[in-house]
Amino acid sequence: MSAFLDRETIRTEAELQAFVDSIPYASFIGVGVRKVGGELTCVLPFKEDNVGNPMLPALHGGVLSALLETAAILQITHEVDSEHLTKPVNVNIDYLRSAKPVETFARAYITKQGRRVANVRAEAWQDDRNRPVAALHGHFLLAPRKNSDG
Amino acid sequence: MTTKSDPAPLKDLLGDENKHLLVDGVPHAKALGLKLISMTRANATVLLPYDARLIGNPETGVIHGGAVTSLLDNVSGLAVFAAMEELTSIATLDLRIDYMRAATPGADVTAHAHCYKVTRTIAFVRGTAFEKNENDPIATCTGAFMLGSNAGRKPGANTTGQGALGEAGGDK
């Protein structure tokens with residue numbers, strides 16, 4: 001197992017941030033991590049490169065889905081002891097509101113963890129937690145340790 | 001004056017030499033380095049050149065699912081534009097991505113999308129991401145897009161707070 005996936009070394013906010021920073025595309029769009037009260041929140045500061053509709057302007061749908069997917073991967077990595085980085089099997093993204101050119105947050109929840117697959121939900125919001133701009137649900141492949149019977 | 005192989009209104013609004021603006025005019029598409037390969041009626045093909053910044057798994061060099069999603073979202077939107085009779089703004093309503101296999105590290109990814117139905121308010125799209133052969137997909141998608149998503153919203157609406165009450169959308 002690679003060092004960056006050792007659960008014991010990715011507990012603090014700084015370690016979680018280092019994990020996300022090691023994923024080039026996540027740092028390309030600018031994903032940050034906060035750990036408050038034991039809960040992980042991904043934070044995406046606004047940047048021009050993430051715009052999809054320059055007229056409004058609004059964030060690109062692909063950026064929102066990448067943020068949600070990163071939140072899901074981070075949550076799985078944080079909660080599940082796994083040999084390799086989890087891989088998405090499928091994701092469904094609902095775009096609920098136009099995402100304004102401001103800071104965007106995302107949080108993921110593991111709905112059900114099986115031996116080989118996890119079912120995950122995630123939501124992204126901006127200035128109001130109760131008014132999500134996008135939501136994800138999807139399945140992610142877990143990599144059980146070789147000595148397990150998964 | 002359009003033929004079956006031409007994207008209906010875009011041919012008139014944007015000459016062949018200006019079609020690249022459909023990608024370069026979208027900041028995130030430009031940041032990803034997307035290149036428009038072709039647009040025919042209700043179809044679009046876009047190339048995502050491999051770049052180390054797009055990696056999702058540093059252990060393997062495989063590009064991030066989110067980058068493939070951005071590509072599929074973009075090409076799907078272009079397929080909608082290519083299917084319209086009258087040019088209007090669009091926003092992604094939902095998108096489902098199935099990841100069939102890891103993208104080959106170092107290889108460019110191509111995506112093709114087909115808009116197979118347009119109603120007055122919604123367009124329906126299917127798309128595939130692949131390297132060389134569309135029959136060996138990395139990922140497939142199905143999506144629905146709102147048409148006229150900017151209607152009633154002025155340019156800059158999202159910077160004044162007015163747009164917050166607007167419609168759904170991962171806009172483009």
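## Exercises on a predicted two-chain model

In this predicted model, strand β5 (87–95) of chain A pairs with strand β8 (residues 134–141) of chain A in the antiparallel sense, over eight bridges. Keep that pairing in view as you work through the exercises below.

### Exercise 1: Follow β5 of chain A

Find the bridge partners of N90(A), V91(A) and I93(A).

Solution.
- Step 1. Start inside chain A: N90(A) has H139(A) of β8(A) as its bridge partner.
- Step 2. Now cross to the other chain. β5(A) is joined by five bridges to strand β5 (residues 90–99) of chain B, and these two strands also run antiparallel.
- Step 3. Place the residues on that pairing: V91(A) stands opposite I97(B), and I93(A) has L95(B) as its bridge partner.
- Step 4. Put the steps together: β5(A) pairs with β8(A) in its own chain and is joined to β5(B) in the other.

### Exercise 2: Describe the side of chain A that touches chain B

Which elements of chain A give two or more residues to this side, and what classes of residue does it have?

Solution.
- Step 1. Count the residues on each side: 43 of chain A are in contact with 46 of chain B.
- Step 2. List the elements on the chain A side that give two or more residues: α2 (24–29), β3, α3 (61–79) and β5 (87–95).
- Step 3. Sort that side by class, which gives 23 nonpolar, 14 polar and six charged residues.
- Step 4. Pick an example, Y25(A). Apart from its neighbours within four places in sequence, Y25(A) is in contact with A66(A) in its own chain, and with residues of chain B including R53(B), I55(B), H64(B) and A67(B).

### Exercise 3: Explore the nonpolar core and two helices

Which helix gives the most residues to the largest nonpolar core, and is α3(A) largely enclosed or open?

Solution.
- Step 1. Look at the core itself. The largest one has 88 residues, and those with the most contacts inside it include Y25(A), L67(A) and L68(A) from chain A, and V68(B), L71(B) and A79(B) from chain B.
- Step 2. Name the helix: α4 (residues 65–83) of chain B gives the most to this core, with eleven residues.
- Step 3. Check the burial of α4(B). Of its 19 residues, 19 are buried, so the helix is largely enclosed by the rest of the structure.
- Step 4. Do the same for α3(A): 17 of its 19 residues are buried, so this helix too is largely enclosed.
- Step 5. Compare lengths with expectation. At 1.5 Å a residue α4(B) should span 27 Å, and its end C-alpha atoms are 27 Å apart, which agrees. α3(A) reaches 27 Å from its first C-alpha to its last, close to the expected 27 Å.

### Exercise 4: Inspect three loop residues

Where do P57(A), A42(B) and I138(B) lie, and what can be said about each?

Solution.
- Step 1. P57(A) is in the loop between β3 (51–53) and β4 (58–59) of chain A. The peptide bond that joins L56(A) to P57(A) is cis, with omega about -20°.
- Step 2. A42(B) is in the loop between β1 (35–40) and β2 (43–48) of chain B. Its phi is positive, about 70°, although A42(B) is not a glycine.
- Step 3. Test burial with the cut-off of 20 or more other C-beta atoms within 10 Å. A42(B) has 22, so it is buried.
- Step 4. I138(B) is in the loop between β7 (122–130) and β8 (139–147) of chain B. It has 24 other C-beta atoms within 10 Å, so I138(B) is buried.
- Step 5. See what surrounds I138(B). Leaving aside neighbours within four places in sequence, its contacts include V68(B), M100(B), V109(B) and F130(B). The C-alpha atoms of I138(B) and T104(B) are 8.9 Å apart, although 34 residues separate the two along the chain.

### Exercise 5: Judge the confidence

What are the scores of the model, and where in chain B is the pLDDT below 50?

Solution.
- Step 1. Read the overall scores: ipTM is 0.85 and pTM is 0.86.
- Step 2. Turn to chain B, where the average pLDDT is 84 and 80% of the residues score at least 70.
- Step 3. Locate the stretch: over residues 161–168 of chain B the pLDDT is below 50, and this stretch has 22 contacts in the model beyond near neighbours in sequence.

Terms used
Residues are numbered from 1 along each chain as its sequence is written. Chains are lettered from A and ligands numbered from 1 in the order in which they are written. This is a predicted model: local features need pLDDT of at least 70, side-chain atom pairs count only at pLDDT 80 or more; totals for chains, interfaces and linings use all residues. Helices (H or I, at least four residues) and strands (E, at least two) are DSSP runs, numbered from the N terminus. A residue is buried if 20 or more other C-beta atoms lie within 10 Å of its own, exposed if 12 or fewer, and partly exposed in between; C-beta atoms are placed from the backbone. Two residues are in contact if their C-beta atoms, placed from the backbone, lie within 7 Å. Ala, Val, Leu, Ile, Met, Phe, Trp, Tyr, Cys and Pro count as nonpolar, Asp, Glu, Lys and Arg as charged, and the others, Gly among them, as polar. Two strands pair if DSSP finds at least two bridges between them. A nonpolar core is a set of buried Ala, Val, Leu, Ile, Met, Phe, Trp, Tyr and Cys residues joined through C-beta atoms within 7 Å. The expected span of a helix is 1.5 Å times one less than its number of residues. pLDDT is the predictor's confidence in each residue, from 0 to 100.
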